[in-house]
Each structure stands twice: as structure tokens, then as C-alpha cells.
Amino acid sequence: MDAENWTYRLQRALPISSRALLLINRHARQGEKRLSEAINCLKQLGFNVVEESIENPKNISELILRYQHEVDLVIVGGGDGTLNAAVDALVEVQLPLGILPLGTANDLARTLGIPNSLNEACKVIAYGDLRRVDLGLVNGKYFFNVASLGLSVKITQRLTKEVKRRWGILAYAATALQVIWESRPFSAEIRINGKSLHVKTVQIAVGNGRYYGGGMAVVHDATIDDQRLDLYSLEIEHWWQIIPLLPAMRQGRHIYRRGVRAIQGQNIEIFTRKPRPINTDGEITTYTPAHFRVVPNALAILVPPFETF
């Protein structure tokens with residue numbers, strides 16, 4: 001449905017004049033310059049806005065907990081890392097979430113069908129539907145999109161704020177090409193569905209949603225409310241073997257290619273010889289050994305009407 005036509009709807013998912021806690025990451029790619037525009041847009045749509053700008057995403061949880069009894073919903077403006085910083089507190093307080101995609105990749109917004117246009121994203125919050133989505137959980141840390149180890153961690157470590165701000169989505173592709181040739185396989189044990197698999201891999205990704213890493217799909221048919229986790233493992237011997245896989249990874253169809261193992265489950269354990277960092281929604285938050293599980297219907301998010309994940 002065209003966001004411009006949503007205003008004909010007679011009902012809103014939330015009451016008119018709902019009190020909204022607006023948290024915008026000033027360091028997100030568009031955070032600082034879109035702050036006043038977001039406030040004005042939300043006020044015009046009838047929201048009573050309580051604005052708290054964020055200098056450090058680590059402070060987001062504290063603010064959500066502080067205002068939990070004073071607001072009807074939380075609106076987060078930023079990228080996937082900002083949302084990842086907020087997710088644990090959002091689960092605790094169980095307030096509805098509105099998303100303003102102001103980051104570089106905005107993979108969660110892509111999964112949910114939320115438009116990148118600020119005005120249209122505000123209309124989703126005003127006139128969209130409240131849908132409950134699943135979350136992934138690894139070692140006690142929630143994630144929306146994908147948790148991974150291997151290549152993606154190296155990409156995360158190389159992707160500075162300055163690079164993302166300057167090059168936008170192209171920063172992901174450029175950084176990926178830089179680290180691929182340095183990749184070396186590592187050994188891991190994957191326990192899933194009552195089986196133990198010993199693999200030699202350069203990347204293991206565990207997806208809850210569909211998109212990650214600037215628009216790549218973990219699996220072509222993954223949805224964020226299918227109550228499953230989708231794992232793939234890149235089991236290649238030489239760095240150049242990943243190059244032919246890259247186009248298929250955009251559609252999530254790499255799982256059918258040689259050298260790619262794909263499994264689905266609700267509980268997954270991964271063990272490595274030494275602790276390896278794990279990237280959740282673009283942020284390094286934990287290490288192996290890792291226990292992953294899906295948490296069904298964990299959070300309510302405002303999405304476009306009739307959106308199919």
C-alpha cells in the first residue's frame with residue numbers, strides 16, 4: 001500500500017496524541033540533520049513527542065527504562081546498531097516500537113518493508129499496523145536480523161563511522177572485498193536438531209530476519225515471524241571461491257550453491273577452539289561458545305499495513 005494514501009484509514013493502531021519517546025542517534029548517518037524534521041513530522045501526525053537525542057547508543061536502554069511508564073511507544077531513529085542497542089530494554093518494557101531508518105544499511109527496516117523516506121516512515125508509525133515479530137537470542141543478547149562469526153566480524157571491525165558516513169551502503173561492499181582475500185577457514189562444531197556437525201568454514205551466520213550486511217539475505221524465504229532460525233556456513237577453501245557466491249547472497253539463494261551448508265532450527269549451539277567474537281546486527285556483542293534460540297512474538301513493531309515479511 002502506498003504510504004501517501006494511508007491517511008484515509010479511519011483507525012490507528014495507537015490512540016491519537018499518543019505520547020512517544022523519540023530516541024535519535026545523532027551519530028547515525030542521517031541522525032543529526034534529520035532530528036528537527038522528524039520531530040515536526042511526528043507532531044503534525046498527532047504525536048506528543050518526548051525527545052532524547054543520543055550521543056552514545058549504550059545510553060538507549062537506560063532512557064527506555066526511565067520513561068517506560070510515561071510514554072505509549074518508543075520511536076528509534078538510527079541504523080541497525082542503534083536498534084540493537086535498544087532491543088533488550090524494549091523486550092523488558094514491552095512498549096511498541098516505531099522505526100525511523102536513519103542509518104547506513106537499515107536492514108531491519110528493509111525486512112519489515114518500512115520505507116527509507118522520513119515522512120513515509122513517520123506515517124507508518126501513525127497509520128501502520130502493530131505486528132509482533134520474533135527475536136533471536138544469543139548468550140542472553142537479543143538480535144533482530146542476524147548474528148554471525150567469521151568474515152562479517154572482520155567487516156564490522158573495519159567499518160568505521162567515518163567510512164559509513166562518507167560512502168554509505170557502498171562501504172559494506174568495499175570493506176567486504178578488502179577482507180575476503182585475507183579470509184582463512186576456522187574449525188567449528190554446530191549442534192542443531194539433535195545432531196553435531198564439525199565444519200571448516202570462513203563464516204557462520206544465524207538469521208532471525210531476512211536482511212543483513214547492507215541488503216544481503218540470509219535465506220531467500222526467511223521472515224521475521226516464522227519462529228525459526230536460519231543458519232548458513234560458508235565452507236570454502238580459498239578466498240576467491242566466495243566471489244561467485246556474492247550475487248546469490250543478495251537474494252539469499254547462495255544456500256543452493258556448492259560450499260554452502262544451510263540448516264534451520266529453533267536452538268543452535270556453536271563451539272570453536274578459541275573464543276571468537278559474534279556480530280549481532282552489526283555490533284560485536286558476545287563470543288563463542290554460543291547458544292542461539294528464537295524467541296517467538298517477542299516484540300510489537302509498527303509496520304506498513306498488510307506488509308508480508
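**Two buried charges, a strand and its partners**

The side chain of Asp-134 comes within reach of the backbone nitrogen of Gln-227, at 2.6 Å; that counts as a polar contact, meaning a pair of N or O atoms within 3.5 Å where, within protein, one must be able to donate a hydrogen and the other to accept it, and where residues adjacent in sequence count only if both atoms are side-chain atoms. The same side chain also reaches the backbone nitrogen of Asp-226, at 3.3 Å. This is a predicted model, so to speak a computed one, in which local features need pLDDT of at least 70 and side-chain atom pairs count only at pLDDT 80 or more, while totals for chains, interfaces and linings use all residues. Residues are numbered from 1 along each chain as its sequence is written, and side-chain values use heavy atoms, with hydrogens and water left out.

Asp-134 is buried (under 20% relative accessible area, with a 1.4 Å probe and protein chains only). Even so, Asp-134 has no salt bridge, which would take a side-chain nitrogen of Lys or Arg within 4 Å of a carboxyl oxygen of Asp or Glu. The nearest side chain of opposite charge is Arg-132, 8.2 Å away; for this, Lys and Arg count as positive and Asp and Glu as negative, with His and the chain ends not counted.

Now for the surroundings. Asp-134 sits in strand 5, residues 129-138; strands here are DSSP runs of E with at least two residues, and helices are runs of H or I with at least four, numbered from the N terminus. Strand 5 runs antiparallel to strand 18 (residues 290-303), and nine bridges join them; two strands pair if DSSP finds at least two bridges between them. Arg-131, for instance, has Ile-301 as its bridge partner in strand 18. Strand 5 also pairs with strand 6 (residues 141-143), again in the antiparallel sense, over three bridges, and here Leu-137 is matched with Tyr-142. The hairpin of strands 5 and 6 has two residues between the strands, and Asn-139 takes a positive phi near 50° there.

Arg-210 tells a similar story from the loop between strand 10 (203-207) and strand 11 (211-212). Arg-210 is buried yet has no salt bridge, and Asp-221, the nearest side chain of opposite charge, is 6.8 Å away. What the side chain of Arg-210 does reach is the backbone oxygen of Ala-222, at 2.7 Å.

How values were computed: Buried means under 20% relative accessible area, exposed over 50%, partly exposed in between (1.4 Å probe, protein chains only).
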